[in-house]
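The following exercises practise reading helix packing, salt bridges and burial from a protein structure. Attempt each task before reading its solution.

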Amino acid sequence: MKKYISITLSVVVLILASCTGDFEELNTNPNRPVSVGAQFLLPQALQTTIDNYWGNKTRNQRLNFDHAMSWVGYISRNIYENEGDNYNVQPSVNISNWEVFYTDGLINFQKIVEIAGPDGDKYNPNYMGIGIGMKAWIFSMLTDVWGAIPYSEATRGTDAEAIFSPAYDSQETVYAGIIADLEEANSLLDASGPSVSGDILFNGNVVMWKKFFNSLRFRLLNRQAHIVAGSGAIMQAMLDDPATYPMMESNDEMAALTYGSRPTNNPWHDILILQGRTDWNMSSTLVDKMSEMGDTRLSVFATPGEFAEGEILGTPNGLPGSVGSNYLGYSAIINPDNFAQETSSVILMSYTELLFLKAEAALEGDITGDPQMYFDQAVQASFDQYDTTMPTGFVASLGPVSKENIITQKWVALFGQGIEAWTELRRTGFPVLPAADPRALFQNDGVLPTRLVYPSTEYSLNGANVEAGAALNGGPDDMKTTLWWVE
């Protein structure tokens, strides 16, 4: 009897041993991969981040569309003025933008860098370069909106020594870091290197990625040139070596995402067409200025109200809904044909902007060249960008090149890019905005927001570090503390 029991147990042990050898393979679900390739992460990271940058489809989460676009006088509200137009910011705006840019953007681009890195699943320096460069783009927005932010310890939650409560870095430190990151991205990107798929921005064109990141680096260097010695020398070195540092050379080379059909449709199409929202009119700030200049781009940006008999009219910012609603149907709206179609493009950075940056840098003596020439080219490029004929004598009517003229024309050309226009307005003080309408009721003591307050989630989850970060900004955590690059 003992003999049979021994044999039976031996057979069972052998069977179990043979089964457990394949157990892991048998229990691997092919439909739930444990790792994802960079080519699958890239389109999702790009789509989510750019959607959020341009205008989230969800109400009370849209920083660019509801808030920055109003603060710089592009659009205004005819109802629900407390959703940005009167300088009020709902807490959900701070929370959602912080979370989307960090979680959906930075973490995914960091994952791409790791997967494509030397120790990753499949080494590909071009994916690495894209991931590093896009992280720099996101960090630049975050620091321009909040000031001090988690940078050097951000996206390190999966490290061997994980950091779940990242420290904050000063805005000056962040700028130095992302300018260096963009240099690294440029050195990694190689048109003769491995191919890139899943690229919904440049369709795998590595040279275009280099041009975008170098142009972005030029933007950041220009922004800090008045306070960081040597910035102008770096800009000049980039211009002197276009083979190493190629930048945008035409409107065809702007960084712009062209959208597709639902669910990857343009966010403004979703808001204005599918949701049928009519809460916004064109601001009288932009309309009056462009009308005064005889600027034909106005009809590209705006469509007359249905009761305005073909005239493009604006609505003052900050009006209470009881007053603003009287403008509905009379004040102009954003031109849906150009900005609210399913496939309407979203601009991350344009060739026009780069020319304005060169004009300012030349005027300030940071680079060589004729500022008037760059200014003339920039204005012409903006009209060309929208296939619009510039009126005869238009540039001459603007007067000689000056800092105010450069930034004011740049403000017009940046229409749609509210966050960038808000950053330049805070940095330079231009354009000079008109006095508030006497019927307007602004919050924040009538002060144009200088930054956003840190989200409440940071105080509950990363309290000590966010308080130290607020101190780095040199003032209270409110919307009046000025940021590092203010001139």
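**Exercise 1. Describe how helices α4 and α19 pack against each other.**

Solution. The structure is a predicted model.

Step 1: Helix α4 covers residues 63-71 and helix α19 covers residues 418-428; their axes are 8 Å apart and form an angle of about 35°.

Step 2: The crossing of α4 with α19 is left-handed.

Step 3: On the α4 side, the contact residues are L63, N64, A68, M69 and W71, and they meet G418, I419, W422 and L425 in α19. Sorted by class, this contact has 7 nonpolar and 2 polar residues, with no charged residues.

**Exercise 2. Determine how the direction of α6 relates to that of α3 and to that of α5.**

Solution.

Step 1: Begin with helix α3 (residues 38-55) and helix α6 (residues 125-146), which pack at an angle of about 20° with axes 12 Å apart. Angles under 35 degrees count as roughly parallel. The helices α3 and α6 are therefore roughly parallel to each other, and their crossing is left-handed.

Step 2: List the residues in this contact. A38, Q39, L42, L46, T49, I50 and Y53 of α3 meet Y127, I130, M134, W137, I138 and M141 of α6. Of the residues in the contact of α3 with α6, 11 are nonpolar, 2 are polar and none is charged.

Step 3: Turn to helix α5 (residues 91-116), which packs with α6 at an angle of about 160°, the axes being 8 Å apart. Angles over 145 degrees count as roughly antiparallel. The helices α5 and α6 are therefore roughly antiparallel to each other, and α5 passes α6 in a left-handed crossing.

Step 4: Examine the residues that meet. Among those in α5 are W98, F101, Y102, L106 and F109, and among those in α6 are Y127, M128, I132, F139 and W146. The contact of α5 with α6 divides into 18 nonpolar, 5 polar and 1 charged residues.

**Exercise 3. For three salt bridges, state which parts of the chain are tied together and whether the partners are buried or exposed.**

Solution. Side chains of opposite charge can pair when their charged atoms come close. The whole structure holds 26 salt bridges.

Step 1: R223 and D144 form a salt bridge through their side chains, with an N to O distance of 2.8 Å. Because R223 lies in helix α8 (residues 206-224) and D144 in helix α6, this pair ties together parts that are 79 residues apart in sequence. Both R223 and D144 are buried.

Step 2: In the salt bridge of E249 with K211, the closest N and O atoms are 2.8 Å apart. E249 belongs to the loop between α9 (231-240) and β2 (255-258), while K211 belongs to helix α8; the two are 38 residues apart, and the pair links distant parts of the chain. E249 has a relative accessible area of 56%, so this residue is exposed. K211 has 7% relative accessibility, so this residue counts as buried.

Step 3: E487 and K403 meet in a salt bridge of 3.0 Å, N to O. E487 lies in the segment after α21 (463-472) and K403 in helix α18 (residues 403-413), so the bridge ties together parts 84 residues apart in sequence. E487 counts as partly exposed, at 45% relative accessibility, whereas K403 counts as buried, at 15%.

Step 4: Salt bridges that share partners form one network, whose members include D144, R223, K403 and E487.

**Exercise 4. Establish how many residues of α18 are buried, and what covers them.**

Solution.

Step 1: Of the 11 residues of α18, 10 are buried, and the helix is mostly covered. Among the buried residues are K403, I406, I407, W411 and V412.

Step 2: The cover over these buried residues includes α11 (284-293), α12 (298-301), α15 (351-363), α16 (371-385), α17 (394-397) and α19.

**Exercise 5. Describe the surroundings of G469.**

Solution.

Step 1: G469 lies in helix α21 and counts as buried, at 0% relative accessibility.

Step 2: Apart from its neighbours within four places in sequence, G469 is in contact with A148, Y168 and Y454.

Step 3: G469 and P150 are 319 residues apart along the chain, and their C-alpha atoms are separated by 8.3 Å.

Key. Residues are numbered from 1 along each chain as its sequence is written. This is a predicted model: local features need pLDDT of at least 70, side-chain atom pairs count only at pLDDT 80 or more; totals for chains, interfaces and linings use all residues. Side-chain values use heavy atoms; hydrogens and water are left out. Axes are lines fitted to C-alpha atoms, for helices over the stretch in contact, and angles run from 0 to 180 degrees between N-to-C directions. Helices (H or I, at least four residues) and strands (E, at least two) are DSSP runs, numbered from the N terminus. Angles under 35 degrees count as roughly parallel, over 145 as roughly antiparallel, 65 to 115 as roughly perpendicular and the rest as oblique. A crossing is left-handed if the near helix is turned anticlockwise from the far one by less than a right angle, and right-handed if clockwise. Contact means heavy atoms within 4.5 Å. Ala, Val, Leu, Ile, Met, Phe, Trp, Tyr, Cys and Pro count as nonpolar, Asp, Glu, Lys and Arg as charged, and the others, Gly among them, as polar. A salt bridge is a side-chain nitrogen of Lys or Arg within 4 Å of a carboxyl oxygen of Asp or Glu. Buried means under 20% relative accessible area, exposed over 50%, partly exposed in between (1.4 Å probe, protein chains only).
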